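Please open the model in a viewer and keep the sequence panel beside it. The tour below proceeds by selection.

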Amino acid sequence: PSVVPQKDLESFQEHLDKSTRILALIGAGLSASSGLPTFRGAGGLWRTHDATQLATPEAFGRDPGLVWQFYSYRRHMALKAKPNPAHYALAELARKKEDFITLSQNVDGLSPRAKHPPDQLKLLHGSLFDVKCSDFFCNYVESNNYTDPIVPALAIPTDESDPTTTSALAARELDISDINVDLPELTFSHLPRCPKCKRGLLRPGVVWFGEQLPAKVMRDIEEWMVGGDKIDLIMVIGTSARVYPAAGYVDAARAKGARVAIVNMDKNDVPASGLYKGDWFFEGDAAQIMPEILK
Ligand code: BJW
């Protein structure tokens, strides 16, 4: 059954049909129905840690073992997850509308795996599957590293006492996001090291708080923004739109005439809905709504 009011659906689709210059700003809520937790609200805690507190250079400096356990777990979960109908719907829109780009805050690789045309997908916050050297003086970067676990010490522990376990059947993986599951303390010697400088620890190629977004991505978006007189539409999907500069693109698009469509599970969680008075607000699961409104 449809979750979208017919009147809103019609007026949105009428505008979408006429639109050529279109943006989508996507966030963790887009991947929620693929089983990946969001950052804020329910699911925003990893063990006892606030997920946004682990996503900082300071946390990595203090306890790289803990931060790697968090990211190794998320790499593992993202590899097990599958793109959902919202990822596919955006990929299809990109094939239909050549002047449409998706600005993704997600690092889970699900949009690329849904075959979103890569030149129309801008990864604002990097990728879980990029790794780079954490040493300030080393520039080592590696893309598409899907090794899981990236080093043996980061393997997800299994339940050795599980009676169903036989040599033929893999032991049940423990859920290390659960505080009741013991985690080993990992130090420098257990963690992935830079193959180039042989000195630094490798770290996930994601953008942490206080770090700059990838320069080429920012440049591409800037060029796209100034590449036309106006923008027709921005869709703000599954994001609390609180993290900058990403959230600022809603403002920038609005300033160039864009109408704003918000897709979110929670009407009260998006500052954009109050601040920018979204022209459409589609409340519910993005995985259900996106294929419906982009049909
Ligand atoms: C559903 C759903 C379903 C659930 N269907 N919906 C201006 C003002 C104030 C502060 C700043 C500013 N400019 C910069 C700052 C500082 C800072 C910042 O923004 N702070 C704010 C929090 C106040 N920004 C930065 O530090 C950025 N860097 C920077 O500005 O550098 C400048 C610089 C210049 C020169 C030198 C050096 C630096 C970097 C920000 C990087 C953010 N990184 C993270 C971690 C990435 C790695 C990782 O994944 O671990 O990115 S933080 C985290 O938040 C992650 C996300 O991409 C990002 C956004 O979160 P998102 O996706 O919106 O998730 P949630 O959980 O917040 O929301 C989910 C939504 O979905 C909710 O609304 C739900 O209701 C909804 N939902 N299920 C539909 N099924």
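How many bridges join strand E6 to E8, and do they run parallel or antiparallel? Select residues 126-133 for strand E6: four bridges join it to E8, and the two strands run antiparallel. The model is a predicted one, in which local features require pLDDT of at least 70 and side-chain atom pairs count only at pLDDT 80 or more, while totals for chains, interfaces and linings use all residues. Residue numbers start from 1 along each chain as its sequence is written. Helices (H or I, at least four residues) and strands (E, at least two) are DSSP runs numbered from the N terminus, and two strands pair if DSSP finds at least two bridges between them.

**The open sheet**

Extend the selection to the open sheet of three strands, ordered E7-E6-E8 with antiparallel pairing. Strand E7 (141-142) and strand E8 (202-206) are at the edges with a single partner strand each, so one side of each has no neighbour in the sheet. Within E8, pick arginine 203, the bridge partner of lysine 132. Four of the five residues of E8 are buried, where buried denotes 20 or more other C-beta atoms within 10 Å of a residue's own, exposed 12 or fewer, and partly exposed the range in between, with C-beta atoms placed from the backbone. Next select helix H4 (residues 64-80), which lies across E6 and E8 and runs at about 140° to E6; axes are lines fitted to C-alpha atoms, for helices over the stretch in contact, and angles run from 0 to 180 degrees between N-to-C directions.

**Strand E1 and its partners**

Move to strand E1 (residues 22-26), where five of the five residues are buried, so the strand is largely enclosed by the rest of the structure. Ile22, Ala24 and Ile26 point one way from E1, and Leu23 and Leu25 point the other way. Add strand E4 (residues 100-104), which pairs with E1 in the parallel sense over five bridges; there, serine 104 is the bridge partner of isoleucine 26. Then add strand E9 (residues 233-237), joined to E1 by five bridges and running parallel to it, with isoleucine 234 as the bridge partner of leucine 23.

**Helix H1**

Select glutamine 13 in helix H1 (residues 6-18). Glutamine 13 counts as partly exposed because it has 14 C-beta neighbours inside 10 Å. Its C-alpha atom is 6.9 Å from that of isoleucine 293, although the two residues are 280 apart along the chain.

**Domains and ligand**

Colour domain 1 (1-36 + 83-125 + 212-295) and domain 2 (37-80 + 126-206) separately; such bounds come from an automatic or database domain assignment. The C-alpha centres of the two domains lie 29 Å apart. Twelve residues of domain 1 are in contact with twelve residues of domain 2, contact meaning C-beta atoms, placed from the backbone, within 7 Å.

Where does the ligand lie relative to domain 1 and domain 2? Both domains give residues to the shell around the ligand, so it lies between them. This shell has 35 residues, the closest being Gly27, Gly29, Thr38, Gln105 and Tyr244; a residue is near the ligand if its C-beta atom, placed from the backbone, lies within 6 Å of it.

Methods
Two residues are in contact if their C-beta atoms, placed from the backbone, lie within 7 Å.
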